[in-house]
Amino acid sequence: MELRSFQKKIIDEIELYLKDTTIHVVAPPGAGKTVLGVEIIKKLDKQTLILVPSLVLKNQWLNYLRDNFGVEHVSQRLSDHKKITITTYQEFHLQGESIKRASYAFIILDEAHHLKRTWAEEIISFREENQAIQSLSLTATPPYDATTIEWKRYLALNGAIDIDIPAPELIKEDVLVPYQDYVYLIPESQENEEAFFDFLQQQNEIVYAMMNDAEVTEYLLGLAFIQYPLENESFIYENFDTYLSVLLYLYDQDFELSNEHWEVLGIKNYKRKVRLPQQTKENIKTLYRFLYELNPNLSIFEYLTQNKWLFQNKLSLFPAYKDNKKYRSIPLKKESIAKILIKEEAFLGENLCSVVFMDRIKIETLFGQESYLEFGVAPLFLYLKELINPTTNLAVICGKFCLLSNSVALKLFPELHFSELEMDPNYSFISLTDENRNQILTGVTQALNQKKINLLIGTVSFLGEGWDCPALNTVILANTSGSYVQTQQLRGRGLRKSPEKSFVNIWHIATVYKTIALEEQLEFQYIAKRLSFIEGFNKLESVAKISTGIERFELPLKITEESINSYNANNFFLAQRRDALKEDWHKAISKGTHQSMPLIMKPLKNKEYRINDLKENHSPVKKNFYDSIFNSLFFRNFRIRRSWKKYCTQLERLINGVFLLLMEDGVISKESRLRIQKEDTLFSCKLDNASFNANTLFNQYVLEVMEDIDKPRYLLKLNRIYFSVPSYFSKNKKDVLRLVDSLNGLSKKQSIYYTKNSQGRKALIEAYIQQNSREVIEEKIWD
């Protein structure tokens with residue numbers, strides 16, 4: 001077998017990669033990770049343990065291992081150690097003690113993204129007892145959206161990612177096929193929309209009561225740190241979030257800051273315009289948690305209890321919308337899937353090879369229960385079988401059962417006993433058992449590959465990982481998860497190449513509320529999160545490229561019935577242009593050689609506040625002619641542009657310093673180059689000629705500089721602008737001074753602050769007030 005370029009590179013340099021005992025490889029489904037593992041075993045020639053998450057994957061590995069090493073050298077049981085032993089993580093969990101007696105020198109962790117919880121702890125413990133053991137971690141989907149603790153545990157076991165093979169590279173090498181992701185928007189039912197608006201209205205009424213309560217206002221005004229801020233500086237600096245939440249509340253009540261508060265905030269010229277952070281849900285949560293701890297007898301808490309925002313002495317502010325009648329949208333969801341499939345039938349005819357992934361089964365609907373308001377593989381089958389073309393062969397498979405047309409069931413499994421489906425005698429039903437599960441899944445998959453079955457409805461849990469069907473040309477994700485891991489696993493089912501397939505359409509469905517901006521719709525945020533991870537063809541810029549980013553989906557700015565219909569119609573038009581899109585993909589790929597990971601920053605609009613003195617009444621100042629001019633929209637925009645330009649100039653200077661020191665320390669190679677781009681509303685930086693690991697570390701440290709300041713250990717003030725000092729340089733003052741020296745040393749316009757002392761905390765408060773909101777994202781672009 002001829003190895004692919006990335007496989008050959010890893011095998012040739014395997015000893016270099018394993019210097020720190022771990023090699024961590026990320027590559028899409030279908031890239032050849034199993035083949036890579038087998039070839040590395042051959043090269044290292046060590047006693048090897050392979051761990052996998054499922055029996056399906058275990059059987060796949062066994063086929064490769066027996067073909068390459070012979071049956072006599074491969075064991076499936078931990079109690080029977082051979083040259084190569086393969087088992088599941090579950091079995092390892094149950095029989096870990098027997099592994100300790102074996103002398104494994106190499107371990108392969110397949111689908112390593114599973115290793116962020118219980119299994120990870122046990123394998124970490126095993127490795128601590130066998131520190132010389134080397135490991136290979138393989139995954140298509142690192143758990144980037146895991147919690148911080150889970151991510152640290154994941155890296156502790158697998159090591160930093162050494163190689164990340166992007167899909168465009170494998171498409172360029174003709175290993176995977178080009179693809180296009182589409183979103184089908186579904187307008188919520190009128191009843192659901194009215195219920196949601198009622199929820200928002202009630203929430204607004206509760207928030208208004210919370211922010212306009214006379215008893216709360218009087219109580220806050222009497223607090224010592226509000227009355228005597230200079231005497232309570234220590235409390236304020238230690239509890240700045242609470243202090244700020246109180247100030248914002250009182251500001252909304254038309255109270256104004258006194259001179260003492262400005263002094264605490266470190267603002268000398270307090271009569272000038274100052275931007276305070278806008279009031280947010282988090283500010284309100286902070287305020288009311290503080291209040292409830294101090295005085296739970298305030299009458300506002302009785303009101304919150306009545307509205308279920310306080311339950312059993314626990315605040316539950318801004319609860320998520322719980323639609324107990326979400327079932328009313330189910331008919332619309334099923335209708336949307338039918339429309340997609342009918343269109344794909346028209347585009348592909350008898351060449352249609354499609355899968356619909358769903359979360360639930362709802363088996364009871366096959367035996368008489370009403371299915372109209374149910375959403376699962378069974379009710380979807382009952383709905384679709386009446387609508388699709390008679391020549392389109394439909395099947396269902398999940399962990400519990402399989403449904404096939406009578407003719408297909410007889411051809412595939414003449415020896416198995418299927419029963420006639422009472423609701424439709426044209427279909428046969430069989431329950432899945434441990435004895436027949438693998439046989440039926442293999443047979444159904446082969447039939448789908450050969451297009452004897454054209455449409456398969458299955459569950460995420462049964463088909464989502466380790467299932468391969470290269471002929472798939474249409475994938476519909478009818479699941480609800482926004483998880484990066486699950487989304488990429490499901491999409492990966494359709495990316496494999498087959499002789500008759502040159503392109504795949506991948507569909508996502510999303511219900512939306514009309515007249516509400518998409519970014520304000522909680523349920524849509526799951527889809528938005530899913531879409532933001534996905535790299536694909538981007539035609540928004542003058543030169544088409546392959547990149548991540550939700551912008552490339554060109555979602556409508558305003559959600560109306562008309563914009564939804566227009567958006568869906570346009571996606572159907574694009575979906576039939578598979579050959580044209582394939583050509584667009586290859587043109588974009590041909591212009592690049594690698595995947596870059598630029599950091600892109602854009603300013604967000606801030607609200608300006610005019611603040612004078614707390615608890616002192618002042619008559620409004622009458623503006624003269626010159627005031628009117630210099631506070632006009634033109635000059636405000638001019639000041640914003642000038643401020644942005646100054647900020648970007650200092651940011652560029654600091655990032656250059658970080659880059660040079662990381663190169664000096666060997667984190668980044670001498671061949672790497674830093675590219676920075678500055679525009680009126682955009683700042684970006686990226687590394688060229690850097691390894692994936694170096695790029696990841698560089699972005700990690702630069703993000704700490706670019707993102708909003710959030711309690712760093714050290715602050716750096718450059719020409720009156722505050723920046724967080726990256727954690728790499730924050731271990732002690734010596735490291736910080738080293739960073740400053742790279743910027744040509746300290747000057748009158750440069751200062752260092754340690755934020756754990758009083759002077760540093762005062763600087764931190766000034767930095768909070770000074771900073772402008774900005775959006776920073778990491779894109780992946782094929783360059």
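On helix 30 (residues 733–741), the face turned away from the buried side carries two exposed residues, Lys734 and Asp741. This is a predicted model, so keep that in mind throughout. Below are a one-sided helix, two helix pairs, two loop residues with unusual backbone angles, and a couple of buried spots.

**Helix 30: two faces**

- The buried residues of this helix are Val736, Leu739 and Val740.
- Those buried residues cover an arc of only 100° around the axis, so they end up on the same side of helix 30.
- Flip to the face turned away from that buried side, and you find Lys734 and Asp741, both exposed.

**Helix 11 against helix 14**

- Helix 11 (residues 214–221) packs on helix 14 (residues 240–252) at about 125°, and the axes are 11 Å apart.
- That angle makes helix 11 oblique to helix 14, because the roughly perpendicular range runs from 65 to 115 degrees and roughly antiparallel means over 145.
- As for handedness, helix 11 passes helix 14 in a left-handed crossing.
- From helix 11, the contact takes in Val216, Thr217, Leu220 and Leu221, which meet Val246, Tyr249 and Leu250 of helix 14.
- Sorted by type, the residues of this contact come out as six nonpolar, one polar and no charged.

**Helix 16 against helix 17**

- Helix 16 (residues 281–294) and helix 17 pack at an angle of about 115°, with 10 Å between their axes.
- Helix 16 and helix 17 therefore count as roughly perpendicular to each other.
- Here too the crossing is a left-handed one, with helix 16 passing helix 17.
- Tyr288, Leu291 and Tyr292 are the helix 16 residues in the contact, and they meet Ile300, Phe301 and Leu304 in helix 17.
- The residues of this contact divide into six nonpolar, with no polar and no charged ones.

**Positive phi outside glycine**

- Some background first: most residues other than glycine have a negative phi.
- Lys308 isn't a glycine, yet its phi is positive, at about 65°.
- You'll find Lys308 in the loop between helix 17 (299–306) and strand 9 (310–311).
- Lys308 has 68% relative accessibility, so it counts as exposed.
- Glu554 is another non-glycine residue with a positive phi, in this case near 50°.
- The loop that holds Glu554 lies between strand 20 (545–547) and helix 25 (561–575).
- With 39% relative accessibility, Glu554 counts as partly exposed.

**Asp164: a buried acidic side chain**

- Asp164 sits in strand 7 (residues 163–164).
- Its relative accessibility is 15%, so Asp164 counts as buried, given that the cut-off for buried is under 20%.
- Leaving aside residues up to four places away in sequence, Asp164 touches Val26, Tyr144, Phe692 and Lys780.

**Ile123: buried in helix 7**

- Ile123 belongs to helix 7 (residues 118–129).
- Its relative accessible area is 0%, which means Ile123 is buried.
- Again not counting residues up to four places away in sequence, Ile123 touches Leu51, Tyr89, Phe92, Leu109, Leu115 and Leu157.
- Of those partners, Leu157 is 34 residues from Ile123 in sequence, while the two are 7.5 Å apart in space, C-alpha to C-alpha.

Terms used: Residues are numbered from 1 along each chain as its sequence is written. This is a predicted model: local features need pLDDT of at least 70, side-chain atom pairs count only at pLDDT 80 or more; totals for chains, interfaces and linings use all residues. Side-chain values use heavy atoms; hydrogens and water are left out. Axes are lines fitted to C-alpha atoms, for helices over the stretch in contact, and angles run from 0 to 180 degrees between N-to-C directions. Helices (H or I, at least four residues) and strands (E, at least two) are DSSP runs, numbered from the N terminus. Angles under 35 degrees count as roughly parallel, over 145 as roughly antiparallel, 65 to 115 as roughly perpendicular and the rest as oblique. A crossing is left-handed if the near helix is turned anticlockwise from the far one by less than a right angle, and right-handed if clockwise. Contact means heavy atoms within 4.5 Å. Ala, Val, Leu, Ile, Met, Phe, Trp, Tyr, Cys and Pro count as nonpolar, Asp, Glu, Lys and Arg as charged, and the others, Gly among them, as polar. Buried means under 20% relative accessible area, exposed over 50%, partly exposed in between (1.4 Å probe, protein chains only). The arc is that of the directions from the helix axis to the C-beta atoms.
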